[in-house]
Amino acid sequence: MGPYLLRRLLLAVPSLLGISVVLFAVLALAPGDPFSEMATNPNVPPEVREALRQSLGLNDPVWQRYGHWLWAMLHGDWGFSFISRVDVDTLIWQRVPVTLAVIGASQLLALAVALPVGIMAATRPYSWFDKLANTLAFMGFSLPTFFTGLLLILLFSIKLDWLPFVYRADIPATGWAWWWEQLRQTLMPVLVLGLFQAAGWTRYVRSAALDVIRLDYVTTARSKGLPERLVVLRHVARNALIPVVTLVALSMPQVFGGAIVTEQIFRIPGIGSLLIDAILRNDTPVIMAVTFVLACLVILFNLVADLLYGWLDPRISYR
Amino acid sequence: MAGSTLASATAEPAAILAPRPVVSPAREAWRRFRRHGLAVFSLVLLALMVLAVGLGPLLWPLAINDIDFAARLATPSAAHPLGTDDLGQDLLARLLYGGRISLAVGLAAMGMAIGVGTLVGAAAGMSRGWVDTALMWLTDLFLSLPQLPLLLLVIYLFRETLKNAFGPELGVFVLIVGVIGAFGWMPVARLVRAQFFSLREKEFVEAARALGAGRMRLVWRHILPNALGPVIVAGTVDVAGAIIAESTLSFLGLGFPPDIPTWGRILFDAKDYLDIAPHWALFPGLAIFLTVLAINFIGDGLRDALDPRRVL
Amino acid sequence: MQEENELREWLEQVRSGALPRRLFLAQAAGLGLSLPMAAVLLGSAGLAGAAEPAYKPSKRGGGGPLKLLLWQGPTLLNPHFATGTKDEEGSHIFYEALARYDVDGNLVPVLAAEVPSKENGGISADGRSVTWKLKKGVTWHDGQPFTADDVVFNWQYATDPAAATNTVGYYLGLKLEKVDALTVRVVFDKPSPFWPETATVQLVPKHLFAPYMGAKSREAPANLKPVGTGPYKFVEFRPGDMVRGELNPNYHQPNKPFFDTVELKGGGDAVSAARAVLQTGEYDFAWNLLVEDEILKRLEAGGKGRVVFAAGGSTESLYLNYADPVAEIDGERSSAKSRHPLFSDPAVRQAMGLLIDRQGIQNFIFGRAGIATPNFVNNPPRFRSANLKPEFNIDKANAVLDAAGYKRGADGIREKGGKKLKFVFQTSINAPRQKVQAIIKQACQKAGIELELKSVVASVFFSSDVANPDTYGKFYADMQMYLVSQGRPYPDRHMQRFVSWEIASKANKWLGVNLSRWHSDEFDKAYRASETELDPVKCAALFIRMNDLACGDGYVVPLLFRQAVSGLGNKMVAPLNGWDVDMASLADWYRET
């Protein structure tokens with residue numbers, strides 16, 4: 001395990017470099033420019049737009065721009081946004097707490113729902129519980145999040161007026177009042193996102209659990225007289241976890257990248273909305289910084305998942 | 001094996017003595033599938049839907065873009081069985097026409113994601129060393145790529161060539177399927193690879209290897225059939241994902257032209273009128289839901305039919 | 001011209017008192033001048049009246065929080081770098097300008113003591129300079145006094161080429177001089193009929209920005225912590241998300257502002273912004289509601305808020321390509337040297353014009369937010385022509401095409417001489433625009449013309465990316481449609497879009513503003529004349545003439561006069577108008593109790 005880990009970590013560096021080259025190339029070649037909003041403003045003469053492009057280095061060749069970016073990155077300078085003329089890392093740090101709170105909570109919710117429901121459904125295949133769980137899961141992921149989000153807003157904010165639907169990052173209260181307000185405004189987005197995620201995961205958990213539930217060693221455990229709960233927890237769950245670990249590792253970077261649609265609908269100032277805004281306005285420094293961090297997280301979490309396979313299933317070995 | 005307790009030797013001598021008919025694995029699979037009530041029903045449902053979207057536009061007289069301001073946002077009636085939208089266009093006609101594209105995109109994109117994902121996952125799972133590393137690097141790359149700029153770039157680069165090669169509609173279709181599939185294979189690859197890691201250490205694989213099975217045979221005959229579980233689930237989840245991804249693309253203008261009423265697009269157009277004219281969003285939502293439902297139950301049936309450990 | 005003489009006569013009568021203002025307005029309407037426009041004529045003759053709701057609160061503060069919702073959040077707070085209206089809104093909470101526009105396009109003094117005019121000697125007789133007297137006793141939020149030095153500094157800061165500001169366009173062809181501590185003179189290179197050129201530029205303090213001119217402009221800490229003269233002081237800013245301010249106790253107008261704090265939240269989409277104001281009352285104001293009127297009406301029915309429409313100068317128009325988008329001449333498509341093979345036939349243009357159902361588009365998509373119009377210039381009313389008469393008649397279009405020899409082929413599409421009437425129609429992604437495309441396509445189908453609809457991502461469509469073929473500057477399509485904003489109550493920049501020396505081409509990297517490629521010698525002559533014509537009535541007549549020339553030829557097809565749409569909570573009173581940024585009048589906002 002030791003040498004394997006070391007090898008993977010060392011490989012991560014050129015891996016990241018390669019990814020950054022591809023990312024930068026894609027962004028540089030994609031059409032559009034950061035100044036399209038000025039296009040319909042009659043008070044901005046075209047020469048000004050051109051001068052701006054020049055000053056931001058947008059007319060330099062691609063490899064030169066990449067070199068600048070890499071050099072700056074190695075010095076800890078993440079560049080500054082074309083659109084808001086603010087340092088990129090300030091922009092990102094401002095949004096990390098909100099993203100972790102809302103998106104992180106939804107992933108936890110998804111896990112908390114998917115694991116028990118999926119396993120229970122597998123232990124009673126085709127029972128009414130299983131059928132109900134399946135149907136709800138299907139409804140969950142066949143409706144896009146913009147739709148379920150709207151449904152919830154219409155129900156809870158407009159008809160019932162129980163919950164606010166515009167997220168405020170600066171609630172002017174303290175102590176318990178602050179927590180209560182925070183709960184009220186995060187409930188809907190967490191539900192929308194968490195249940196969407198949970199729907200897909202439930203199906204995977206159920207399928208993985210069904211794979212192992214009929215195997216000999218489970219029957220052995222049962223026939224040894226172990227209570228059902230122990231059988232499920234110790235023998236079924238652990239072995240069914242491999243696909244779950246894969247999926248959770250895949251979705252962890254998403255916690256950082258955020259859920260764009262949900263953030264749009266509820267106006268959550270997370271990193272996802274920063275990213276989509278930057279993409280639609282061709283704000284290259286921001287896009288590069290965010291996707292680069294995303295790439296690091298992807299590599300990191302997939303490595304963690306690979307290591308966990310070895311722990312979950314001792315027969316898997318790395319040479 | 002669990003669940004397969006043999007009948008007592010003294011119970012049915014005649015039954016034991018009578019020769020059992022030889023059944024090919026395919027027919028065995030079909031027999032087991034047939035015992036799955038819901039799966040069969042779903043198969044029929046899906047077939048009906050395909051038939052409806054295939055023939056429906058030829059049979060239903062109303063056009064999809066007949067603008068009729070007098071009949072805006074009408075609820076279902078004899079003239080418009082599913083109602084109309086805010087320009088007075090008939091929803092049934094639009095649903096049937098758009099269904100062709102949505103179903104085709106959903107199934108094709110899923111097929112591509114599954115195909116590519118399984119290939120990459122199997123290759124990575126079976127090999128050790130640099131092939132695995134290289135393929136995982138590729139997977140990580142695709143996972144980190146921001147979809148939107150890449151989409152813009154791909155569309156910008158390839159739209160004209162595809163249009164000239166396949167014609168305008170088919171060209172866009174190939175583009176969309178390619179793009180959605182290109183972003184859907186990574187989870188499948190990782191899942192399959194993980195399955196392969198754990199399966200290739202199992203005894204039956206060792207036994208097959210000892211019997212002289214080559215690698216391809218090992219993969220194809222022994223490991224892959226047992227790894228199918230997550231693949232099937234991924235496939236069924238992906239269909240819904242593909243239909244919805246297409247709607248997001250349309251909304252951003254990167255998909256089909258704005259006057260093509262795919263299900264996702266109708267849903268998107270209808271979302272602002274949810275409290276005013278809910279029927280507009282209800283029907284495409286229902287259509288997507290039924291498709292996903294049908295494919296999922298078919299997937300369940302397939303799983304049970306193909307899984308050698310299941311004895312029904 | 002006859003109208004000119006009549007108008008002059010009536011103005012004299014109002015001045016002498018023989019004709020009441022009300023009657024003047026009614027008579028002017030008979031000439032085709034609308035109310036605000038006629039009022040402006042009165043104003044320019046020195047006879048203005050009040051147009052905005054009176055400010056009632058009798059003390060400063062006590063109004064609680066004001067919550068504003070923009071569905072695009074401001075990303076920076078330096079007005080000289082604003083890349084869009086949303087940024088100007090964000091900075092206008094803290095900064096102010098010399099004056100602002102009211103509903104009728106008249107100037108209301110803010111940091112100026114009074115509006116310059118011929119009577120008070122502010123505007124010089126030869127039209128070459130304007131003198132602004134500044135208000136006494138105005139201080140910046142940090143206590144420093146506001147003086148003429150600041151005004152002159154803003155000019156130097158904005159015109160520094162190394163800074164590449166967006167406001168440099170306001171200072172073209174003029175320079176500023178300090179006369180004394182409270183007086184500034186604007187000197188034009190040549191006599192200019194539009195003298196309020198620099199009136200609405202937001203002013204930043206010299207003492208905080210002087211060390212950061214030119215290339216260092218992005219490093220100024222005041223970029224993120226604005227210090228202005230406005231009704232609210234800066235508290236917090238999160239780019240793209242939120243701006244917060246609190247009441248300025250030293251504000252230079254008494255009893256203002258009414259609210260104690262202001263919070264501007266950004267993000268989301270227009271429909272949910274409308275809901276937040278009109279349905280749940282969570283917010284007091286929502287900006288730029290680009291939403292179908294049908295939805296707005298239903299939301300208003302809830303009774304918690306109302307929708308406000310303000311006329312600016314924005315026109316949504318359809319352009320038929322004057323040039324050939326397919327043929328490549330000197331490596332350039334849609335070159336000014338080419339002519340469109342089908343649109344050059346006046347019969348085709350006439351038929352296209354007859355197939356546009358403006359009324360339907362207004363009634364069923366834009367509703368109160370868009371008024372069907374055949375004119376490119378619609379506001380101020382004194383510049384609006386009454387001469388063009390649009391018609392929507394599919395049968396007549398069919399007849400015109402039949403007479404011109406376009407026969408329907410087997411597929412129902414008309415053709416003549418081997419050329420089919422098939423056009424590519426492009427616009428940006430925007431739900432109402434896609435619906436307009438669908439409506440026009442259907443009408444064209446009934447006349448045997450086929451349209452291929454194309455919609456491009458807005459950030460690509462409006463970009464100046466030289467390599468991209470989908471930009472509106474390149475116009476590599478047969479028809480395109482988009483909104484053009486006039487920017488200020490004077491249509492010179494608006495009309496510049498049709499002069500021949502501004503045609504977008506490879507040579508100027510498609511940055512020229514004449515994107516339709518249409519031009520005519522008569523139009524060019526009229527435009528040159530308007531640049532130096534100081535008599536307002538003659539000027540108006542020139543602009544009307546230009547409008548008729550451009551829109552009468554059939555290549556430029558204005559569709560709607562688009563209003564600025566905002567949502568306001570029920571008890572809110574805010575003098576919103578279409579000429580200036582909404583926040584320009586923030587000091588005058590209050591809530592009735």
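A residue is called buried here if 20 or more other C-beta atoms lie within 10 Å of its own. By that count, 54% of the 593 residues of chain C are buried. Please keep in mind that this is a predicted model. Here are my notes, beginning with chain C.

1. **Overall build of chain C.** Chain C contains 16 helices and 21 strands. Its radius of gyration is 25 Å, close to the 25 Å that the globule rule gives for 593 residues, so chain C is as compact as a globular protein of that length. The C-alpha trace spans about 80 × 50 × 50 Å along its principal axes. As for how the chain folds back on itself, 67% of the contacts in chain C between residues at least 6 apart in sequence join residues at least 24 apart.

2. **Strand β19 of chain C.** This strand covers residues 556-569, and 13 of its 14 residues are buried, so β19(C) is largely enclosed by the rest of the structure. If you would like to see its pairings, begin with β11 (residues 305-320) of chain C, which runs antiparallel to β19(C) over 13 bridges. In that register, Val307(C) stands opposite Gly567(C).

3. **Further partners of β19.** Strand β10 (residues 285-286) of chain C also pairs with β19(C) in the antiparallel sense, over two bridges. There, Phe285(C) has Leu568(C) as its bridge partner. Strand β12 (residues 370-372) of chain C adds another antiparallel pairing with β19(C), over three bridges, and Gly370(C) is bridged to Arg562(C). As general background, strands of a sheet pair through backbone hydrogen bonds, either parallel or antiparallel.

4. **A three-strand open sheet.** In chain C, three strands form an open sheet in the order β13-β14-β15, with antiparallel pairing. Strands β13 (407-408) and β15 (419-420) of chain C stand at the edges with a single partner strand each, so one side of each is left without a neighbour in the sheet. Strand β14 (residues 414-416) of chain C is joined to β15(C) by two bridges in the antiparallel sense. For an anchor point in the viewer, look for Lys416(C), whose bridge partner in β15(C) is Lys419(C).

5. **The nonpolar core.** Which residues touch the most other members of the largest nonpolar core? They are Ala274(C), Ala286(C) and Leu355(C), in a core of 323 residues. Leaving aside neighbours within four places in sequence, Leu355(C) is in contact with Ile394(C), Ala397(C), Ile440(C), Ala443(C), Cys444(C) and Ala447(C). In soluble globular proteins, nonpolar side chains tend to be buried together.

6. **Two cis peptide bonds in chain C.** The bond from Lys256(C) to Pro257(C) is cis, with omega near -5 degrees. Pro257(C) sits in the loop between β8 (242-247) and β9 (261-266) of chain C. The bond from Asn379(C) to Pro380(C) is also cis, with omega near -10 degrees, and Pro380(C) belongs to the loop between β12 and α11 (394-403) of chain C.

7. **Positive phi angles outside glycine.** Asn255(C) is not a glycine, yet has a positive phi of about 65 degrees. Asn255(C) is found in the loop between β8 and β9 of chain C, and is partly exposed, with 15 other C-beta atoms within 10 Å. Phe475(C), again not a glycine, has a positive phi of about 50 degrees. Its place is the loop between α13 (458-461) and β18 (479-484) of chain C. Is Phe475(C) buried or exposed? Phe475(C) is buried, with 22 other C-beta atoms within 10 Å.

8. **Chain B and its confidence.** Chain B has 12 helices and zero strands. Of its 312 residues, 46% count as buried, and 70% of its contacts between residues at least 6 apart in sequence join residues at least 24 apart. The mean pLDDT of chain B is 80, with 88% of its residues at 70 or more. Confidence in chain B is lowest in helix α1 (residues 13-17), at a mean of 57, and highest in helix α4 (residues 91-126), at 89. Where pLDDT is low, the predicted coordinates should not be read in detail.

9. **Where chain A meets chain B.** Here 49 residues of chain A are in contact with 43 residues of chain B. Several helices of chain A each supply at least two residues of the side that touches chain B, among them α1 (2-29), α8 (175-213) and α13 (284-312). By class, that side of chain A has 33 nonpolar, nine polar and seven charged residues.

Methods. Residues numbered from 1 in each chain as written. Chains lettered and ligands numbered in written order. Buried ≥ 20, exposed ≤ 12 C-beta atoms within 10 Å, placed from the backbone. Helix = DSSP H or I, 4+ residues; strand = E, 2+ residues; numbered from the N terminus. Pairing = 2+ DSSP bridges. Rg over C-alpha atoms; globule rule 2.2 N^0.38 Å. Contact = placed C-beta atoms within 7 Å. Nonpolar A, V, L, I, M, F, W, Y, C, P; charged D, E, K, R; others polar. Core = buried A, V, L, I, M, F, W, Y, C linked by C-beta atoms within 7 Å. pLDDT = per-residue confidence, 0-100.
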